[in-house]
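Notebook open, model loaded. I want to go through a strand, two helices and the domains, and jot down what I find.

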Amino acid sequence: MAYNDFRMDNHWLPFTPNRGFKDDPRVFVAADGMHFTTHDGRQVIDGISSLWCVGAGHNRKPINEAIKKQLDTLDYGTAFNVTNDKAFRAAEMIAAMAPGDLNKVLFCNSGSEAADTSMKVALAYHRARGEGHRNVFIGRERGYHGVGFGGMSVGGIPANRKAFGTALLPRVDHMRFIHDPVNHAYIHNAEPVWQEDILTELENRILPLHDPSNVAAVIVEPVAGSAGWYLPPQGYLKRLREICDKHGILLIFDEVITGFGRMGTNFAADFYGVVPDMLNFAKCVTNGVIPLGGVICRDHIYETMMGAHSKAPEHAIEFFHGYTYSGHPVACAAAIATLELFQQENLFARAGEMGKVLGDAMHSALKDLPNVIGIRSLGLAAVVELAPVPGLPGKRAFDVFMDCYHKGVLVRSAGDNLVFAPPYIVEKSHIETMVSVLAEAVKARA
Ligand SMILES: Cc1ncc(COP(=O)(O)O)c(C=O)c1O
């Protein structure tokens, strides 16, 4: 396929520098296993699972077949007042994989919708308990919860918020970030152990400021993915759970990236041994093939919402929320096939094993290169952090991303971080290629 097979005048690309794109377009026309084929006929390794989605690799026949079969059986049916069989089955499988009594699944279509859904559940739940005054949300600096107004408000990546000031939710605060560039710049398949308890700030400053009795929920990514794979200090999430419990505050884990195998476990909640009140998912649940997201709620949330309506007439709706495509049968069929495939091929355990290979390769190839100021690896993800070009934050990493792309490797630039998060089917030989191409590009941009 040549450039002139498609025009580039009408598609406004998301989270992409559009102005220079046409001069050097990066367009995929096919994918299989670990590789893309580009419009100009080259092969590119998918070093980022297409933004943390394609855990099982591309073009997986069982998923494709399940989708085709579903299209020929029940293509679509509305989700309100009626439903479909695949939504029940997908929810059952997801609940069975989730820890503790995370048992009730509200479906949506993306991670952004999951963030907003979980925040609305939190408000409705507290109201149902007679504590409707609990309406403060607490996120974290450099957190990412998508681009809806709720998720953006609790999110903490400055560029994502800058242009939207007055539209951000008013009753939101942010905990400090979880990175220590002095003592923990380099983390190699381990949890950083901090001397300082950084949640003291939450207990002693943020909660008293708002009064804990007004706080609806704390929402965090267990590992800060979009910002650049920043890892929580050892014990952090357990202590966060304790603080929330102490004050009746709901804890929401945004596992859109960490869910379904990235940490070598079903969820990061399993990896860290902490059960949140709600767990948001998307991406890998369908191997990225079809949009599907959701929020898994603990039993007490569902029961409270139902109990509050025990005296209401049977036809009364308990939660005024949902999407036209909540539990779409084709998306749910894709999810069922994906989750079966993950299990059949034991891919989460494989992700854990290959994560060590990736971490070893990144640390040994990149540690002593110019401008490298940190390397972090845990689960099947690893990142190198570069010193920014003075006055041009993000430029060095973007240039490295472009160089890698031209050499056949897709890496993700996030600020001045370069992130690898390959599909769980990745082989050692792919990792060697990915890391050596990245190392060459880092040297070239010194
Ligand atoms: C933790 C987290 N939450 C939410 C989102 C938003 O998901 P989506 O782009 O599907 O709306 C992302 C996307 O990367 C994410 O990483």
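I started with E8, and the strand it pairs with further along the chain is E9 (residues 250-254): four bridges join the two, and they run parallel. Reminder to self: this is a predicted model.

**Strand E8**

I looked up one pair in that ladder and found Val220 with Phe253 of E9 as its bridge partner. Then I checked E5 (residues 136-140), which is joined to E8 by three bridges, again parallel. There, Val136 stands opposite Val215 of E8.

How many of the residues of E8 are buried? Six of six, over residues 215-220, so I noted the strand as mostly covered.

I also traced the connection from E8 to E9. Helix H8 (residues 236-247) makes a β-α-β unit with E8 and E9, and I logged the unit as right-handed.

**Helix H3**

Next I took H3 (residues 85-97) and checked its length. With 13 residues at 1.5 Å each it should span 18 Å, and I get 19 Å between the end C-alpha atoms, which agrees.

Which residues of H3 are buried? My list reads Lys86, Ala87, Ala90, Ala91, Ile94 and Met97. They sit on the same side of H3, because their arc around the axis is only 130°. The spacing fits what I know of helices: with 3.6 residues a turn, residues three or four places apart point the same way.

What covers these buried residues? I found that the cover includes helices H2 (61-73) and H11 (329-344) as well as strands E4 (102-108) and E11 (293-298).

**Helix H14**

Same length check on H14 (residues 428-444): 17 residues should span 24 Å, and the end C-alpha atoms are 24 Å apart, which agrees.

For its buried residues I wrote down His430, Ile431, Met434, Val435, Val437, Leu438, Ala441 and Val442. Their arc is only 160° around the axis, so they lie on the same side of H14. On the face turned away from that buried side I found the exposed residues Lys428, Ser429 and Ala444.

**Domains**

Last, I looked at the division of the protein. Domain 1 takes 3-56 + 346-444, and domain 2 takes 64-344. Their centres, taken over C-alpha atoms, are 26 Å apart. I have 32 residues of domain 1 in contact with 28 residues of domain 2.

Which element supplies the largest share of the side of domain 1 that touches domain 2? That is H12, with nine residues. Helices H1 (49-52) and H12 (347-366) and strands E12 (372-377), E13 (382-386) and E16 (417-420) each supply at least two residues of that side.

Definitions and conventions
Residues are numbered from 1 along each chain as its sequence is written. This is a predicted model: local features need pLDDT of at least 70, side-chain atom pairs count only at pLDDT 80 or more; totals for chains, interfaces and linings use all residues. A residue is buried if 20 or more other C-beta atoms lie within 10 Å of its own, exposed if 12 or fewer, and partly exposed in between; C-beta atoms are placed from the backbone. Two strands pair if DSSP finds at least two bridges between them. A crossover is right-handed if, with the strands pointing away from the viewer, the path from the first strand over the helix to the second runs clockwise. The expected span of a helix is 1.5 Å times one less than its number of residues. The arc is that of the directions from the helix axis to the C-beta atoms. Two residues are in contact if their C-beta atoms, placed from the backbone, lie within 7 Å. Domain bounds come from an automatic or database domain assignment.
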